[in-house]
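Welcome! Take a moment to turn the molecule around on your screen, and then we can walk through it together.

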Amino acid sequence: MAAPRNLATAGDSPWLSRDIENGGGATAAAEEEDSPSAKKPRWEKFPFKTWEFGVAIGVFLVFSTGMFCIYLTMPPAEKGHIKLPRTLSDLRLLKDYLSTYAKNHPAQFILGYCSTYIFMQTFMIPGTIFMSLLAGALFGVVRGIMLVVFNATAGASSCFFLSKLIGRPLVSWLWPEKLRFFQAEIAKRRDKLFNYMLFLRVTPTLPNLFINLASPIVDVPFHTFFLGTLIGLIPAAYITVRAGLALGDLKSVRDLYDIKTLSVLFLIGFVAILPTLLKRKRVYE
């Protein structure tokens, strides 16, 4: 979603992990230590250097300042009701408060909505699924999907470049084993990388958060990342936006991804990755 999913496999299944081969002697040990995916102990000092932390804070402040300026342009009557929804009840109240404002000031609302969505995606703030539901409730299926896919792709791209600049130590520190596995999978599918990226985006195999942060570190080209994200998030965006039309009937966010829905997503993902599997089969024959 995008659409929004957040690192666990479908059904909260455990992470897959895979050991990488180590060379012998001190040289191999040094190479592993310098590797972006080298395992670091969790108790180790926070991985950011001073300048990297400064860049992250600077980007955060730029986004925050822009959003605050947009907030100041809102009518006083609406300002008191603005907050990020954390539950479906919060979302229903927010939808009721903003429906009139969205109709009377569509440009201002869309600017504020897009800024908030992209900000949350960039800085990995949970809750974009509620923003996607809100788009469906206020704009309908077609415009809602366009809005969600645009913002999810823009936010993922922003996160991609931020991670490319300063994210390597953080991802290596948080998920060393997972990063090694992802790096190995990318290397195996380098010739059909777009298909693999589509599979990852369509299915909940890996959370979007990890994909956004790890892709630049394992040298996924941005154009492949961008196109895979733009196209691959459409099915999940459709599911979430359509659910937003019946927001009052939705009991839980978990209801969005039942067995039937997950089966459809994995079927689409299988079709996307099929060329990669067929090529590997021909290689082994």
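Here is a short tour, from the overall fold down to single residues.

## The overall fold

The model you are looking at is predicted. Its protein chain has 13 helices and zero strands. Following the sequence from start to end, you meet the pattern α-α-α-α-α-α-α-α-α-α-α-α-α. The chain has 285 residues, and 47% of them are buried.

## Segments marked in the record

An unreviewed UniProt entry annotates residues 53–74, 117–139, 145–163, 198–218, 224–247 and 259–278 as "transmembrane region". Such annotations may be inferred rather than shown by experiment.

Two of these segments are good ones to look up in the model. Residues 224–247 are 88% helix and 0% strand, and the C-alpha atoms at the two ends of that span are 34 Å apart. Residues 259–278 are 100% helix and 0% strand, with 27 Å between their end C-alpha atoms.

## The largest nonpolar core

Which residues touch the most other members of the largest nonpolar core? They are Phe109, Tyr113 and Leu133, out of 38 residues in that core. At least two residues of the core come from each of α4, α5, α6, α12 (234–245) and α13 (259–284). The biggest contributor is α6, which gives 13 residues.

## The second largest pocket

Now look for an open space. The second largest pocket holds about 440 Å³, and 21 residues line it. Met67, Met74, Ile82, Gly112 and Thr116 are the lining residues nearest its centre. The elements that give two or more residues to this lining are α2 (50–72), α4 (88–104), α5 (106–122) and α6 (128–166).

Which helix gives the most to the lining of this pocket? That is α5, with six residues. By type, the lining divides into 15 nonpolar residues, five polar ones and one charged one.

## Two buried cysteines

Let us turn to the cysteines. A disulfide is a covalent bond between the sulfur atoms of two cysteines. How many disulfides does this structure hold? The number is zero.

Are cysteine 114 and cysteine 159 buried or exposed? A residue counts as buried under 20% relative accessible area. Cysteine 114 is buried because its relative accessible area is 12%. Cysteine 159 is buried too, because its value is 2%.

## Around helix α5 and the loop after it

Helix α5 has already appeared in both the core and the pocket lining. Isoleucine 110 has its place in this helix. With a relative accessible area of 31%, isoleucine 110 is partly exposed, because that class lies between under 20% for buried and over 50% for exposed. Its C-alpha atom is 9.8 Å from that of alanine 135, although the two residues are 25 residues apart along the chain.

The loop between α5 and α6 holds phenylalanine 123. Phenylalanine 123 has a relative accessible area of 15%, so it is buried. What separates the C-alpha atoms of phenylalanine 123 and phenylalanine 63 in space, and how many residues lie between these positions along the chain? The distance is 10.0 Å, and they are 60 residues apart along the chain. Methionine 124 is in the loop between α5 and α6 as well. Methionine 124 is partly exposed, because its relative accessible area is 34%. Its phi is near 60°, a positive value in a residue other than glycine.

## Towards the end of the chain

Aspartate 219 sits in the loop between α10 (208–214) and α11 (222–232). Phi of aspartate 219 is near 65°, again a positive value in a residue other than glycine. Is aspartate 219 buried or exposed? With a relative accessible area of 52%, aspartate 219 is exposed, because the cut-off is over 50%.

Our last stop is threonine 261, in helix α13. Threonine 261 is buried, because its relative accessible area is 17%. Along the chain, threonine 261 and alanine 236 are 25 residues apart, while their C-alpha atoms are separated by 9.4 Å.

Note on methods: Residues numbered from 1 in each chain as written. Predicted model: local features only at pLDDT ≥ 70, side-chain atom pairs only at ≥ 80, totals over all residues. Heavy atoms only, no water. Helix = DSSP H or I, 4+ residues; strand = E, 2+ residues; numbered from the N terminus. Disulfide = S-S within 2.5 Å. Buried < 20%, exposed > 50% of the residue type's maximum accessible area, 1.4 Å probe, protein only. 1 Å grid on protein atoms, 1.4 Å probe; cavity = no way out; pocket = protein on both sides within 12 Å on 5 of 7 lines; lining within 4 Å. Points joined across faces, edges and corners; volume = space filled by probe spheres on them. Nonpolar A, V, L, I, M, F, W, Y, C, P; charged D, E, K, R; others polar. Core = buried A, V, L, I, M, F, W, Y, C linked by side-chain atoms within 4.5 Å.
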